[in-house]
Amino acid sequence: MISLTSDLREEFLAAAAPGRVRFDEPMRLHTTFHIGGPAQIWVEPADAQELRQLLQIAQGAALSVTLVSGGANLLVRDEGIPGLVIHLGAPGFQGVDRTDDGAVRAGAGLPLEWLIRRAKEDGLSGLEFLAGVPGRLGGAVRMNAGTHDDEGNNHSISDVIRSVTVMELDGQIRTIPREEIGFGYRTSDLPGRIVLESELLLTPDAPERIAQRVKRLWEFKRKTQDWTAPSVGCIFKNPPAHSAGRLIDQAGLKGFRIGGAAISSIHANFMMNVRQARAADVFGLIEEARSRVRRISGVELELEVQVAPV
Ligand SMILES: Cc1cc2nc3c(=O)[nH]c(=O)nc-3n(C[C@H](O)[C@H](O)[C@H](O)COP(=O)(O)OP(=O)(O)OC[C@H]3O[C@@H](n4cnc5c(N)ncnc54)[C@H](O)[C@@H]3O)c2cc1C
């Protein structure tokens with residue numbers, strides 16, 4: 001980790017409004033897992049201009065850059081994250097409006113729950129499947145968040161994306177059409193770019209019908225997922241033609257515990273922070289699940305959760 005001189009600290013502090021730059025910020029406060037060591041420099045820029053300035057300082061000092069939105073898919077190591085950790089939660093990244101041809105333009109900092117509610121109020125359908133997916137739009141776009149519904153249909157956010165506007169690490173802003181983004185199953189080729197906003201193509205529908213669908217999906221989520229303790233949702237991707245949860249269950253690991261972390265006894269692809277877990281406890285569970293599933297089923301499990309630093 002590069003140590004910060006007092007001049008560099010002052011440079012960061014001067015580049016943003018008071019309170020928007022913090023040092024050694026505990027990441028457990030910013031992840032749904034409530035796990036993680038400190039972020040060396042935690043910044044919450046007010047707008048794109050401030051973001052660009054902070055990036056310039058980071059680049060000049062050869063610091064690494066990590067993005068955190070809702071922290072709902074992040075496992076932060078106990079050692080913490082060196083360099084600049086950027087959170088786009090300020091109102092400057094939470095705009096929402098309509099383009100001339102009716103698309104919804106939404107800021108990366110908008111919480112998904114808020115966006116779903118707003119779309120419903122405006123009589124716009126297409127985001128209901130995200131009900132019960134925690135996090136913000138920037139993280140959801142980067143992860144291509146999605147789910148299968150109670151009828152077994154798969155949806156992901158890229159289905160409704162028309163374009164994504166990003167800032168490159170050199171501060172340049174560009175808008176990328178959906179076809180050029182390389183969306184896949186819980187992935188995109190957006191790492192190394194900062195999602196600022198996205199244009200979404202939604203379809204008109206009656207708010208009551210949208211509300212019913214949201215309610216049904218929420219109930220489905222509540223029934224099938226484990227919400228009894230902090231988690232990051234599914235730890236592993238589903239391997240082709242398999243369910244990661246079923247494979248871990250077949251390996252006899254439901255309820256298996258290391259330190260303060262446990263494999264959920266409700267949904268075996270969820271790992272829960274049952275008692276002040278450390279990231280090391282979760283990595284222990286990940287290794288155990290991988291090796292037992294490999295031995296019993298011959299399947300290699302791939303992480304869905306993002307580990308920071310990589
Ligand atoms: C109880 C529970 C249930 C869940 N259920 C689902 C589910 O059904 N389906 C599903 O897909 N996910 C699910 N998740 C995981 C999580 O909600 C999604 O992955 C969500 O999209 C993460 O969004 P976030 O804002 O929290 O992203 P974060 O966790 O903050 O970040 C995720 C990744 O995106 C990067 N990132 C964040 N913001 C930006 C940005 N502005 N620009 C570029 N990169 C960025 C981060 O560096 C990181 O690599 C669940 C999580 C929980 C806790």
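This is a guided tour of a predicted model, moving from the whole chain to particular strands, a helix and single residues.

**The whole chain**

Begin with the entire protein in view. It has seven helices and 18 strands. The radius of gyration is 20 Å, close to the 19 Å that the globule rule gives for 310 residues, so the protein is as compact as a globular protein of that length. Along the principal axes, the C-alpha atoms fill a box of roughly 55 × 50 × 30 Å. Buried residues make up 44% of the 310. If one takes the contacts between residues at least 6 apart in sequence, 65% of them join residues at least 24 apart.

**A sheet of three strands**

Next, select residues 257-258, 261-263 and 271-273. The first selection is strand S15 and the last is strand S17, while residues 261-263 form strand S16. Together they make an open sheet in the order S15-S16-S17, with antiparallel pairing. S15 and S17 are the edge strands, each pairing on one side only. Strands of a sheet pair through backbone hydrogen bonds, either parallel or antiparallel.

Display the backbone of S15 and S16, which are joined by two bridges. Here isoleucine 258 has alanine 261 of S16 as its bridge partner.

**The helix across the sheet**

Now add residues 279-297, which are helix H7. This helix lies across S15, S16 and S17 and runs at about 25° to S16. Its 19 residues should span 27 Å at 1.5 Å a residue, and the end C-alpha atoms are 26 Å apart, which agrees.

Which residues of H7 are buried? Colour Ala279, Asp281, Val282, Leu285, Ile286, Ala289 and Val293, for these are the ones. Turn the view until it looks down the axis of H7: the buried residues fall within an arc of 155°, so they line one face of the helix. The face turned away from that buried side carries the exposed residues Glu287, Ser291 and Arg295.

To see what covers the buried residues, show strand S4 (74-76) and helix H6 (244-250) along with S15, S16 and S17; the cover includes each of these elements. At the end of H7, select glycine 298, which follows the helix and has a positive phi near 70°.

**Aspartate 281**

Return to H7 and centre the view on aspartate 281, which is found in this helix. Is aspartate 281 buried or exposed? With 22 other C-beta atoms within 10 Å, aspartate 281 is buried. Setting aside residues up to four places away in sequence, aspartate 281 touches Ile258, Gly259, Gly260 and Ala261. Two of these names have already appeared on the tour: isoleucine 258 and alanine 261 are the bridge partners seen between S15 and S16.

For a view of a distant position, draw a line from the C-alpha atom of aspartate 281 to that of leucine 110. The two are 171 residues apart along the chain, and their C-alpha atoms are separated by 31 Å.

**Strands S11, S12 and S13**

Move to residues 161-168, strand S11, and residues 193-200, strand S13. These two run antiparallel and are joined by seven bridges. Within this pair, serine 163 stands opposite glutamate 199 in S13.

Then add residues 173-177, strand S12, which runs antiparallel to S11 and is joined to it by five bridges. Threonine 165 has threonine 175 of S12 as its bridge partner. S11 and S12 form a hairpin with four residues between the strands, where glycine 171 takes a positive phi near 95°.

**Backbone details to inspect**

Select arginine 186, in the loop between S12 and S13. Its phi is near 50°, a positive value in a residue other than glycine. Arginine 186 is buried, with 20 other C-beta atoms within 10 Å.

Go on to glutamine 276, in the loop between S17 and H7. Phi of glutamine 276 is also positive, near 45°, again in a residue other than glycine. Glutamine 276 counts as exposed, with 12 C-beta neighbours inside 10 Å.

Finish at proline 309, in the segment after strand S18 (306-308). What is the form of the peptide bond from alanine 308 to proline 309? That bond is cis, with omega near -10°.

How values were computed. Residues numbered from 1 in each chain as written. Predicted model: local features only at pLDDT ≥ 70, side-chain atom pairs only at ≥ 80, totals over all residues. Pairing = 2+ DSSP bridges. Contact = placed C-beta atoms within 7 Å. Axes fitted to C-alpha atoms, helices over the stretch in contact; angles between N-to-C directions. Expected span 1.5 Å × (residues − 1). Arc of directions from axis to C-beta. Rg over C-alpha atoms; globule rule 2.2 N^0.38 Å.
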